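I opened this model to look up how its strands are arranged and what packs against them. The entries below follow the order in which I looked.

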Amino acid sequence: MNEKKVLFTIFGATGDLAQRKLYPSLFRLYRKGDLVESFAVIGTARRPWSDEVYRNIVKETIVGLNPTPEEAEAFSSHFYYQSHDVQDTEHYDTLKKLSDELDQKYQLEGNRLFYLAMSPNFFGTIVAHLKSQGMLDVTGYHRVIIEKPFGTDYETARQLNEEIATVFEEEDIYRIDHYLGKEMIQNISAIRFANSIFESLWSNRFIDNVQINIAEDLGVEERGGYYDKSGALKDMVQNHILQVLALLAMEPPVAFSEKEIRSEKIKALEAVRVYTPEEVAKNFIRGQYSAGKFDGEAITGYKEELNVDSDSKTETFVAGKFVIDNFRWSGVPFYVRTGKRLTEKGTRINIVFKQVPVNVFKSSVGATCEQKLSPNVLTIYIQPTEGFSLSLNGKEVGPGFTMLPLSLDHRNSAEVISNTPEAYEKLMLDALNGDGTNFTHWDEVAQSWRIVDVIRQAWDQDSSDVPQYPARTMGPKEAYDLLAKDGFEWIWTPDEWYRERNLLD
């Protein structure tokens with residue numbers, strides 16, 4: 001058992017993120033022995049809660065993890081609440097007093113982890129007060145975890161980073177992207193670097209294209225007001241998708257360490273071509289879901305959602321092609337696709353390998369027509385299932401040489417998935433251990449914004465209508481045309497989904 005000694009201070013402690021993700025993740029760490037007796041949590045927000053109210057809320061958030069009454073009581077006893085106005089200097093004095101008291105009570109050795117689970121507008125104010133009011137004037141480590149969005153473009157992100165960097169060193173700033181805590185995202189490196197069969201083929205010599213898909217079946221729900229100011233490009237592409245792309249495209253690190261992995265990810269992102277407005281028009285398309293029907297249920301269109309402008313041009317779907325200007329990936333398109341109200345919820349990566357130089361089976365004996373070979377595809381399933389598959393071509397049983405696509409498939413069992421640490425649990429433990437491997441460095445954030453800003457600016461200058469797609473389909477026709485003009489097609493299609501569920505005739 002490697003117990004961590006730490007004081008957590010959570011700004012935004014009454015919010016949805018804290019209740020859905022942070023408290024259950026802390027409880028899992030408590031149950032596993034990473035947190036035992038020498039830890040405490042201060043929750044701060046504007047609501048006038050007492051410690052008792054706060055602890056009852058914490059206990060409610062972990063009901064689904066089936067704690068015993070004694071377990072829940074012991075865990076929640078480490079939680080303390082302070083009503084707090086982040087702009088009021090006196091409140092930080094009170095917070096410092098409570099922090100120092102808990103440091104002594106639980107013997108925390110001055111280790112402090114601050115979690116900013118609220119609007120980025122307040123990040124600079126919070127960290128400035130932490131320093132000015134002496135919250136960091138204790139021995140031990142002082143780290144800060146920051147939620148996305150980290151800025152709304154490169155300039156706002158730079159300003160925000162400068163504010164935080166005046167208080168915390170870069171190695172103590174943990175910009176969280178929960179995708180990097182997912183089991184199969186972390187498995188990308190294992191699949192690549194632990195298997196010669198793949199790493200030896202991982203280049204433009206053998207790969208035709210790469211496809212990154214993040215699909216959501218739900219709409220914007222109660223987030224309409226926030227989403228209408230953000231859109232799919234900033235909400236998904238700037239962070240999640242470009243982080244996945246960096247892991248897929250980076251060169252093998254000298255060692256599997258935070259420093260070396262980060263260095264290679266930054267190099268990969270810097271090699272992604274920053275488009276001109278004309279190139280954006282050729283390589284990126286957007287879409288917006290309209291009313292539709294699925295399984296007999298009528299579905300509202302985006303513009304009819306609560307708190308969404310009826311004339312909104314905010315995209316709920318993005319499909320595009322990134323190109324990477326280096327020797328390994330020259331000529332290989334990296335296609336990305338993400339959106340809301342798509343056919344199903346799921347995240348998968350398809351590595352599409354080149355066809356054999358000559359198809360000797362195209363007119364083989366017994367074939368009724370000219371045979372085309374299906375591409376070999378390595379698919380990495382991120383969610384909701386976890387695993388990977390490799391598609392091959394084999395001979396159909398019987399006379400002649402009719403070719404048949406086959407699949408070598410592995411999926412983690414439901415039991416394995418249920419016992420897999422949740423992404424926030426993993427990342428919070430990494431922060432406690434001082435391991436920033438699965439967090440984003442400022443250089444990564446900055447380059448991601450440079451890449452995305454030109455796309456956003458080009459779209460903002462485009463007065464044409466945003467292409468529509470019926471809810472619960474896989475996006476507008478333009479997304480399919482994007483690949484078709486390069487001679488490719490999306491590997492994950494609506495027909496595939498329906499066939500898997502026996503819903504097609």
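I began with one residue pair in this predicted model, and found that Val-210 stands opposite Phe-334 in S12. I then looked up the strands around that pair: strand S7 (residues 207-215) and strand S12 (residues 334-339) run parallel and are joined by 6 bridges.

Next I followed the pairing outward, and noted an open sheet of 9 strands with mixed pairing, in the order S16-S15-S14-S13-S7-S12-S11-S8-S17. At its edges I found strand S16 (403-411) and strand S17 (468-470), each of which has a single partner strand, so that one side of each is left without a neighbour in the sheet. For the twist I noted that neighbouring strands of this sheet are turned by 20° against each other on average, with direction ignored.

Which helices lie across these strands? I noted helix H7 (residues 183-193) across strands S13, S14 and S15, where the helix runs at about 150° to S14. I also noted helix H16 (residues 477-484), which lies across S7, S8, S11 and S12 and runs at about 10° to S11.

Last, I looked up the protein as a whole, and counted 17 helices and 17 strands in its secondary structure. The radius of gyration is 25 Å, which agrees with the value near 23 Å for a compact globule with 505 residues. Buried residues, meaning those under 20% relative accessible area, make up 52% of the 505 residues. Among contacts between residues at least 6 apart in sequence, I noted that 77% join residues at least 24 apart.

Technical notes. Residues are numbered from 1 along each chain as its sequence is written. This is a predicted model: local features need pLDDT of at least 70, side-chain atom pairs count only at pLDDT 80 or more; totals for chains, interfaces and linings use all residues. Side-chain values use heavy atoms; hydrogens and water are left out. Two strands pair if DSSP finds at least two bridges between them. Helices (H or I, at least four residues) and strands (E, at least two) are DSSP runs, numbered from the N terminus. Axes are lines fitted to C-alpha atoms, for helices over the stretch in contact, and angles run from 0 to 180 degrees between N-to-C directions. Contact means heavy atoms within 4.5 Å. The radius of gyration is taken over C-alpha atoms; the globule rule is 2.2 Å times the number of residues to the power 0.38. Buried means under 20% relative accessible area, exposed over 50%, partly exposed in between (1.4 Å probe, protein chains only).
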